[in-house]
Amino acid sequence: SQKLAVPEALTFDDVLLRPKESRVEPDDADVSTRVSKTVELNIPVLSAAMDTVTESGTAIGMAREGGLGVLHRNMEIEKTVTEIERVKRADELVIDRENVVTANPDQTIAEVDRMMGREGVSGAPVVDDDDTVLGIISGTDIRPFLEVGETDHVREAMTDEVITAEEDINARDALELMYEYKIERVPIVDDGETLVGLVTMQGLLQRRENQNAARDDDGRLRCGVAVGPFETDRATAADDAGADVLFIDCAHAHNLNVIEAAREIKQEVAADVVVGNVGTTEAAEEVVDFADGIKVGIGPGSICTTRVVTGAGMPQITAVAEVADVAAPEDVPVIADGGIRYSGDAIKAIAAGADAVMLGSYFAGTEEAPGRVITMNGKKYKQYRGMGSVGAMKSGGGDRYLKDDEDGEEFVPEGVEAATPYKGTLASELHQLVGGMRSGMGYVGAETIPGFKQRSEFIRVSAAGQTEGHPHDVMITDEAPNYSPD
Ligand code: RVP
C-alpha cells in the first residue's frame, strides 16, 4: 500500500558524529550562539519553561553562565513580572533606591545591628526622612559601640564624610572610588544629596566573576519567558518588565489559531518572539516569516507521553533537521527542545541544525531548580514533572496541551510526574554539559557553532553499535559526573 511507503525518522541514538581531522582543542572551541534574531548567548543552552525547572533562581544561574533560563508560565502574571525583575536586578551595578537597606540617624546601635543582620547587609547609608544622605554606617563602625554603648545612636557612630557618586557611574569608576577611599559601598545620589541607589563592592565582584554571563545592552542578565499563544496580557507585561525573549509555549504550534495568535503577539512586543514547538518542514514554513526563532520538539521530552497518548510525534534529530532546512536560509535560529540526556545528544542536536538546545530533566535535579529535595531509600531526589501532567495542569498549565474540560476534572495528560536524582549546582551541571559539547566540536574539528553545523556529518548506528557506545561488559564502580546508566 502507498500508505505504508513511509519515510524514516531518526533520533539521538540512531546517529553519531563522524570523527574528522582536527586541530581544535576543546578549550578553544567557541560555543557562543544566537537564540533568536537579536539575542546572543555565550553558551548554546536554555533551561526549560517548566514549573520544576525554571524560576528566577535557575534563570539567574543560567544567564550568569552565559545561557538563558526560560521562566515557566504556571504562575500569575504579576508573579511573572516580579520573577523577571529578580533576574534583571540580580547583577545590576546600581541597586535601586527601593531595594537599598537604609538606617535612620536616631536608631540605636543595637537596633541597626539587628536590622542589618535581618536584611543580610553589612552596612547601610544613613538617611533622613527626605532621603538626604547624612552618613554611612557599617559593621566596623558599630563594633566598638556594641559592648559599651548599645543605646548610642547611629548619628554618633556613623561615618559622616560620605563618598557618593551620580547615577551614570560605570563599574570601573565605582571600583576605583572604592579602592581609593577603602570603602565597600558608594551611595548614588541626585542633586548631590538625595539617595537614589547604591553600588556595593560585593555586587561589583559578583559581576566580575561572571565574565561569561549573557547580558543585555544595559549589562543586566538576559531572561526568557514562556507565554501561552493566547496570553497577550502576559506577553505585554513580560515585555514591559524587560524580558529579552518570549517563547510561545505550545505543544503543537502548527495549529493555525496558534500561529495567528503568535503573529499578533509579535506585533505587540519589542522582545524577540520564539515560536514553538514544531517538528516538520511544513510547520517551519508557516512561521519562518515572522518568528525570531523556532523551537523544535514534538514528544521527545523525558517526562512526555505525547507520542504514546496521541500517536503523533517526530524523532528529534529528523525534526531538528527538517526545521533547520527551512529556518537557516532565512537566518532564523533553531532551538532543539527535549530528549537530551547526555552532552553527546546536545552536540548531535546542533549538528542536525540547531543553534541552541533546551533541557528540562538535566537541570531539574539542581539546587537552583524550584522544589524541595526529597529522600527516598537514603538517596536524594527532586520532583520533575511534565507541564502536561495532571499535577502541573491542575496548577494552571492545562492550555499548553489544550485538554482541560470546563471544570478541569477530566484531563487527558500528555506528561508524567517523576523524581530525578539531586545533582548539586547548576554551574557544575553546565560545566559537564558544555564541556562534553566542546569535546564533540574537537572530534569534528570545528572551532565555532556555525562552523560545526557546516562541517559535522552523521553516521547511522545499528543496535549493536549503540550497545558498544555505552560502557559494556563491566560493572560500574564509581559514578561519573556526566554518565549514569539508564
Ligand atoms: P527533557 O529535557 O527531555 O526533560 O524535555 C524537556 C521538554 O519537554 C520541555 O522543554 C518541553 O518542551 C517538554 N515538555 C514539558 N512538559 C511536557 C509534557 O508534560 N509532555 N513536555
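Gly-242 follows helix 8 and has a positive phi, near 105°. This is a predicted model. The protein holds 18 helices and 20 strands. A shell of 24 residues surrounds its ligand.

**Helix 8 and its surroundings**

- Helix 8 spans residues 232-240, and its buried residues are Arg-234, Ala-235, Ala-238 and Asp-239.
- Seen down the helix axis, these buried residues fall within an arc of 130°, so they line one face of helix 8.
- An α-helix has 3.6 residues a turn, so residues three or four places apart point the same way.
- The packing partners of the buried residues include two helices: helix 2 (77-90) and helix 9 (256-268).
- Strand 11 (224-227) and strand 12 (245-248) also pack against the buried residues of helix 8.
- After the helix comes Gly-242, with its positive phi.

**Ligand shell**

- The closest of the 24 residues around the ligand are Gly-301, Gly-360, Gly-386, Gly-388 and Gly-415.
- By class, the shell has 13 polar residues, nine nonpolar and two charged.
- Strand 16 (356-359) supplies at least two residues of this shell, and so does helix 14 (361-364).

**Overall dimensions and burial**

- The protein has 486 residues, and 45% of them count as buried.
- Its radius of gyration is 26 Å; a compact globule with 486 residues would be near 23 Å, which agrees.
- Taken along the principal axes, the C-alpha atoms fill a box of roughly 95 × 55 × 50 Å.
- Take the contacts between residues at least 6 apart in sequence: 66% of them join residues at least 24 apart.

**Nonpolar cores**

- The largest nonpolar core has 103 residues.
- Ile-294 and Val-320 have the most contacts inside this core.
- Helix 12 (residues 316-327) gives the most to the core, with eight residues.
- A second core is separate and has 23 residues, among them Val-127, Ala-157, Val-189 and Leu-195.
- Leaving aside residues up to four places away in sequence, Ile-294 touches a set that includes Val-274, Val-275, Gly-276 and Val-278.
- Ile-294 also touches Ala-284, Val-287 and Val-288.
- Further along the chain, Ile-294 touches Val-323, Ala-327, Val-332 and Val-334.

**Backbone points to check**

- The peptide bond joining Gly-276 and Asn-277 is cis, with omega about 0°.
- Asn-277 belongs to strand 13, which covers residues 272-278.
- Gly-276, on the other side of that cis bond, is among the residues Ile-294 touches.
- Lys-182 is not a glycine, yet its phi is positive, about 50°.
- The loop between helix 6 (171-181) and strand 9 (185-190) holds Lys-182.
- Lys-182 has 6 C-beta neighbours inside 10 Å, so it counts as exposed.
- Asn-377 is another non-glycine residue with a positive phi of about 50°.
- Asn-377 sits in the loop between strand 17 (373-376) and strand 18 (379-385).
- Asn-377 is exposed because 5 other C-beta atoms lie within 10 Å, and the cut-off for exposed is 12 or fewer.

**Selected residues and C-alpha distances**

- Glu-285 is part of helix 10 (residues 281-287).
- With 15 other C-beta atoms within 10 Å, Glu-285 is partly exposed.
- Glu-285 and Val-323 are 38 residues apart along the chain, and their C-alpha atoms are separated by 8.3 Å.
- Val-323 is also one of the residues that Ile-294 touches.
- Asp-191 is in the loop between strand 9 and strand 10 (194-200).
- Asp-191 counts as exposed, with 8 other C-beta atoms within 10 Å.
- Asp-191 and Glu-166 are 25 residues apart in sequence, and 8.5 Å apart from C-alpha to C-alpha.
- Thr-140 is in helix 4 (residues 139-148).
- Thr-140 is exposed, with 11 other C-beta atoms within 10 Å.
- From C-alpha to C-alpha, Thr-140 and Val-245 are 44 Å apart in space, with their positions 105 residues apart in sequence.

Note on methods
Residues numbered from 1 in each chain as written. Predicted model: local features only at pLDDT ≥ 70, side-chain atom pairs only at ≥ 80, totals over all residues. Near = placed C-beta within 6 Å. Helix = DSSP H or I, 4+ residues; strand = E, 2+ residues; numbered from the N terminus. Nonpolar A, V, L, I, M, F, W, Y, C, P; charged D, E, K, R; others polar. Rg over C-alpha atoms; globule rule 2.2 N^0.38 Å. Buried ≥ 20, exposed ≤ 12 C-beta atoms within 10 Å, placed from the backbone. Contact = placed C-beta atoms within 7 Å. Core = buried A, V, L, I, M, F, W, Y, C linked by C-beta atoms within 7 Å. Arc of directions from axis to C-beta.
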